[in-house]
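Here's a quick tour for anyone opening this structure for the first time. Have a look at it, then read on for what to pick out.

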Amino acid sequence: MEKKRVLDIVAEWQGKEVLFPDDMVFTLWGQDTLNNFVPRVDYTIVSYVDSVGCMSCKLQLSKWKSFIAELISISQNDVPVIFFFHPKNMEELIYRLEFDKYNFPVCVDIENKFDKLNNFPSDMSFQTFLLDKDNKVLAIGNPIHNPKVKELYLKIIQGEKIGSINESNVLNTMVDIDKTAASLGDFAWQEERKATFTLKNMGNKPLFISDVTTSCGCTSVDYSKEPVNPSDSLRLHVTYKADHPGYFSKMITVYCNADASPIRLKISGNAK
């Protein structure tokens, strides 16, 4: 059911033109207004960020900065990344931009005109797009939250043939997980809390972890980068540090050469 939903969203948006408001206002760190526009270049990455949920979780601007640096290195700065923010709390947005020193122009869309023009999917995983020079969708998905989407974006930008990898040649294995969810209970929000997930290689091929992503900048994961031999185990050490009180439920996504990949794990709790 989940796979069908994803395929339906991709099919709906593939080749669709993304429309832009006529009166866009771009700012630097949410304060200095700039004269700017959506450039007409071969490729543009556009990301819409609404006011629902944790702004830090959605943005992960430090990872975006690293991705932008990678884009600059392969395209001579010809692939702009444009954020459209519809913030509930402007002060929080300015704080995030300043805290992460995100020194690229962004569009603050108080009236949510961008979404009203396009009616974007409600799932934040599908609110980022790679566009061609006519603003038509070449690919959809968040390259920061999903390394496979990032790989797809880079392949398209560099002119590589999509689907050139023969998946039958990938040596997959099987994984057993001790648990897929961990409750961290109630605790003072200034304290760190940790959880450990154990992945055991149940197949006859080495297990390789290609990436581990989190749904929130408050969550970090430490693990060995070495291959896991058959019958051996790998421990993922998850640390949660709240930036404000409240109940939380965060997702950790493990990308690996297992049949079950991506593996989704969850931590939850109440930071008082």
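A residue counts as buried here when its relative accessible area is under 20%. By that yardstick, 43% of the 272 residues in the protein are buried. Keep in mind that this is a predicted model.

**The big picture**

- The protein has six helices and 15 strands to find your way around.
- Look at the contacts with a separation of 6 or more: 68% of them involve residues 24 or more positions apart.
- About 14,600 Å² of the protein is exposed, and carbon and sulfur atoms supply 50% of that area.

**A four-stranded sheet**

- Four strands line up in the order β9-β15-β14-β11, making an open sheet with mixed pairing.
- Why do β9 and β11 each have one side without a neighbour in the sheet? Both β9 (181–187) and β11 (209–214) stand at the edges with a single partner strand each, so one side of each stays free of a sheet neighbour.
- Going from one strand to the next, the twist averages 15 degrees.
- As general background, strands of a sheet pair through backbone hydrogen bonds, and they can do so parallel or antiparallel.
- In this sheet, β9 pairs with β15 (residues 263–271) in the parallel sense, over five bridges.
- To spot that pairing by eye, try Ala-182, which stands opposite Ile-267 in β15.

**Ser-261, in a loop by the sheet strands**

- You'll find Ser-261 in the loop between β14 (246–256) and β15.
- Is Ser-261 buried or exposed? Its relative accessibility is 18%, and the cut-off for buried is under 20%, so Ser-261 counts as buried.
- Leaving aside residues up to four places away in sequence, Ser-261 touches Val-254, Tyr-255 and Cys-256.

**Aromatic rings and the charges over them**

- How many aromatic pairs does the structure hold? There are 17 of them.
- One cluster to look for is linked by ring pairs and takes in Trp-13, Phe-20, Phe-26, Tyr-48, Phe-84, Phe-114, Phe-120 and Phe-129.
- Trp-13 from that cluster also has Lys-16 lying over its face, at 4.0 Å from the ring centre.
- Another lysine to check out is Lys-179: its charged end sits over the ring of Phe-197, 5.3 Å from the centre of that ring.

Key: Residues are numbered from 1 along each chain as its sequence is written. This is a predicted model: local features need pLDDT of at least 70, side-chain atom pairs count only at pLDDT 80 or more; totals for chains, interfaces and linings use all residues. Side-chain values use heavy atoms; hydrogens and water are left out. Helices (H or I, at least four residues) and strands (E, at least two) are DSSP runs, numbered from the N terminus. Buried means under 20% relative accessible area, exposed over 50%, partly exposed in between (1.4 Å probe, protein chains only). Contact means heavy atoms within 4.5 Å. Accessible areas come from the Shrake-Rupley method with a 1.4 Å probe; for residues, only the protein chains shown count as cover. Two strands pair if DSSP finds at least two bridges between them. Axes are lines fitted to C-alpha atoms, for helices over the stretch in contact, and angles run from 0 to 180 degrees between N-to-C directions. Rings of Phe, Tyr and Trp (its six-membered ring) pair if their centres lie within 6.5 Å; planes under 30 degrees apart count as stacked, over 60 as edge-to-face and the rest as tilted. A charge sits over a ring if NZ of Lys or CZ of Arg is within 6 Å of the ring centre and within 35 degrees of the ring normal.
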